[in-house]
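Welcome to a small set of exercises with worked solutions. Keep the viewer open as you go, and try each task before reading on.

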Amino acid sequence: MKIAILGFGTVGSGVYEIAKTLKNIEVKKVLEKDLSKINIATDSYDEIINDKEIELVVECIGGLYPAYEFIMKAIQNKKSVVSANKAVIAKYLDEFLKTAKENNVKFRFEASVGGGIPCLAGIQKIRRVENIDKFYGIFNGTSNFILDNMYRLENKFFTSLKTAQKLGYAEADPSADIDGYDVTNKVIISFALAYDGFIKNEFPCFTMKNITKEDILHFKKQGFVAKYIGEATTKGNKYEASVMLNLFPINALEANVLSNYNIITVQSYTMGEVKFYGQGAGKLPTANSIIQDILDIQAKISFNPISIEKKYIYSSNLFKHKYVIRSNEELKGNFERIDKDGNNFYYYTKEITQADLLKLVEEKDYLVVKLSEY
């Protein structure tokens, strides 16, 4: 199969590197502004689109635009597309799948969630047999590196963030990772395969940047480790989802996920809890997932047909959970317990709904942490 790669950065060059080792994939063109990077580079997308020999396009440029236009144009020209771009997939997945079906080609996106971890394939395999009760996990390696660094080395938040940036785990603008946009996108994509529905980012997403060294040490004394968690579940045609810090007991698997690793859990009746662990990003792990999608398309392998026709309504009153709210001022409410540590008050709620939680914190800059049930 002859393919083209859009973008020759970290992931694009990784795809090329692995493809060179395989006999049944040939990279014919690479879309790249800097033509000196590789001898098959072109700066003309039309050259790729008009090449009848190219059957598949790998989109590695990231962001919403021009990625959206490039993906749509490839599909409309009867070329299958593989992408790791969670931002564009979370926004336009319905359009991509519909257009791919109309043009009798495939749109695959395993690498968009969990990088090198085959968690989406795992979800599809479970769905062949039964419904999924819920999924949750550490979907973002940057946020996990920061929290792990704060916990083990007792560093401040921004010290840990700077370390992550120096090591290449965090971008110069880290907002997608620390404010939860990246995890939100991955929850939306995972939800599509787990529940056959396409939701929007209307569920709560709490930033993690409010957590301090003092908070980490306070929770450490209580035997808890903070992790940044995305999760979702359904009940009938309603769903509940969130992106927020969770507290796990020190002996929980999630509490012991170190550095930039991810762990994603899928729960169903006959399987119980299945956990997918590994590198959630990186050049070769992510490229490996992309190559796997290419090989599946080539071999006409589909673990479970992708359908996102079901309609779900977000509800903030579906389930009740316990939370911790940290403030340096006294809050009014019926709390299960209140701890004072230095200048901080830690309010442990009784089991309340997301709606109750949002009323409690309103739009104030409190730290909000869920007491994990897992």
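## Exercise 1: Backbone angles out of the ordinary

E154 sits in the loop between helix 6 and helix 7 (157–166). Bear in mind throughout that this is a predicted model.

**Task.** Find the sign of phi at E154, and do the same for K300. Then classify the exposure of E154 and of K300.

**Solution.**
- Step 1: For E154, phi is near 55°, a positive value in a residue other than glycine.
- Step 2: The relative accessibility of E154 is 35%, so the residue counts as partly exposed.
- Step 3: K300 belongs to the loop between helix 11 (283–298) and strand 12 (313–314). Its phi is near 60°, again positive in a residue other than glycine.
- Step 4: With a relative accessible area of 75%, K300 is exposed. The cut-off this step needs is over 50% for exposed.

## Exercise 2: A cis peptide beside an aromatic pair

**Task.** Work out which residue is joined to P66 by a cis peptide bond, then describe the ring pair of Y65 and Y92.

**Solution.**
- Step 1: P66 is located in the loop between strand 4 and helix 3. The cis bond joins Y65 to P66, with omega at about 10°.
- Step 2: The structure has 23 aromatic pairs. In the pair of Y65 and Y92, the ring centres are 6.3 Å apart and the planes meet at 65°, so the geometry is edge-to-face. The angle cut-off used here is over 60 degrees.
- Step 3: This pair connects distant parts of the chain, 27 residues apart: Y65 is in the loop between strand 4 (54–59) and helix 3 (67–76), and Y92 is in helix 4 (residues 86–102).
- Step 4: Y65 has a relative accessible area of 48% and is partly exposed, whereas Y92, at 10%, counts as buried.

## Exercise 3: Aromatic company and charges over rings

**Task.** Classify the pair F135 and F139 by its geometry, list the aromatic cluster that includes both, and find which lysines lie over the faces of Y151 and F345.

**Solution.**
- Step 1: The rings of F135 and F139 are 6.3 Å apart, centre to centre, with 75° between the planes, and form an edge-to-face pair. Both residues are buried.
- Step 2: One aromatic cluster is made up of F135, F139, F191, Y195, F203, Y239, Y312 and Y314.
- Step 3: Over the face of Y151 lies K220, 4.5 Å from the ring centre. Over the face of F345 lies K340, at 5.3 Å from the ring centre.

## Exercise 4: Three buried hydroxyl residues and a lysine

**Task.** Is T265 buried or exposed, and what does its side chain make a polar contact with? Then map the contacts of S143, T142 and K209, leaving aside neighbours within four places in sequence.

**Solution.**
- Step 1: T265 is part of strand 10 (residues 261–268). Its relative accessibility is 0%, so T265 counts as buried.
- Step 2: The T265 side chain makes a polar contact of 2.9 Å with the side chain of K275. Beyond its sequence neighbours within four places, T265 touches residues including F135, E254 and K275.
- Step 3: S143 is in helix 6 (residues 141–153) and is buried at 1% relative accessibility. Its contacts outside the excluded neighbours are D177, M208 and Y228.
- Step 4: T142 is also found in helix 6, and a relative accessible area of 6% makes this residue buried. With the same neighbours left aside, T142 is in contact with Y169, A170 and D177. The C-alpha atoms of T142 and A164 are 6.9 Å apart, with their positions 22 residues apart along the chain.- Step 5: K209 is in the loop between helix 9 (181–195) and helix 10 (213–221) and, at 38% relative accessibility, is partly exposed. Neighbours within four places aside, K209 contacts F157, I178 and D179.

## Exercise 5: The chain as a whole

**Task.** How does the radius of gyration of the protein chain relate to the globule rule, and what percentage of its residues count as buried?

**Solution.**
- Step 1: The chain has 12 helices and 16 strands. Its radius of gyration is 22 Å, close to the 21 Å given by the globule rule for 374 residues, so the chain is as compact as a globular protein of that length.
- Step 2: Along the principal axes, the C-alpha trace spans about 70 × 45 × 35 Å.
- Step 3: Of the 374 residues, 57% count as buried. The chain exposes about 17000 Å², and carbon and sulfur atoms supply 49% of that area.

Notes. Residues are numbered from 1 along each chain as its sequence is written. This is a predicted model: local features need pLDDT of at least 70, side-chain atom pairs count only at pLDDT 80 or more; totals for chains, interfaces and linings use all residues. Side-chain values use heavy atoms; hydrogens and water are left out. Helices (H or I, at least four residues) and strands (E, at least two) are DSSP runs, numbered from the N terminus. Buried means under 20% relative accessible area, exposed over 50%, partly exposed in between (1.4 Å probe, protein chains only). Contact means heavy atoms within 4.5 Å. Rings of Phe, Tyr and Trp (its six-membered ring) pair if their centres lie within 6.5 Å; planes under 30 degrees apart count as stacked, over 60 as edge-to-face and the rest as tilted. A charge sits over a ring if NZ of Lys or CZ of Arg is within 6 Å of the ring centre and within 35 degrees of the ring normal. The radius of gyration is taken over C-alpha atoms; the globule rule is 2.2 Å times the number of residues to the power 0.38. Accessible areas come from the Shrake-Rupley method with a 1.4 Å probe; for residues, only the protein chains shown count as cover. A polar contact is a pair of N or O atoms within 3.5 Å; within protein, one must be able to donate a hydrogen and the other to accept it, and residues adjacent in sequence count only if both atoms are side-chain atoms.
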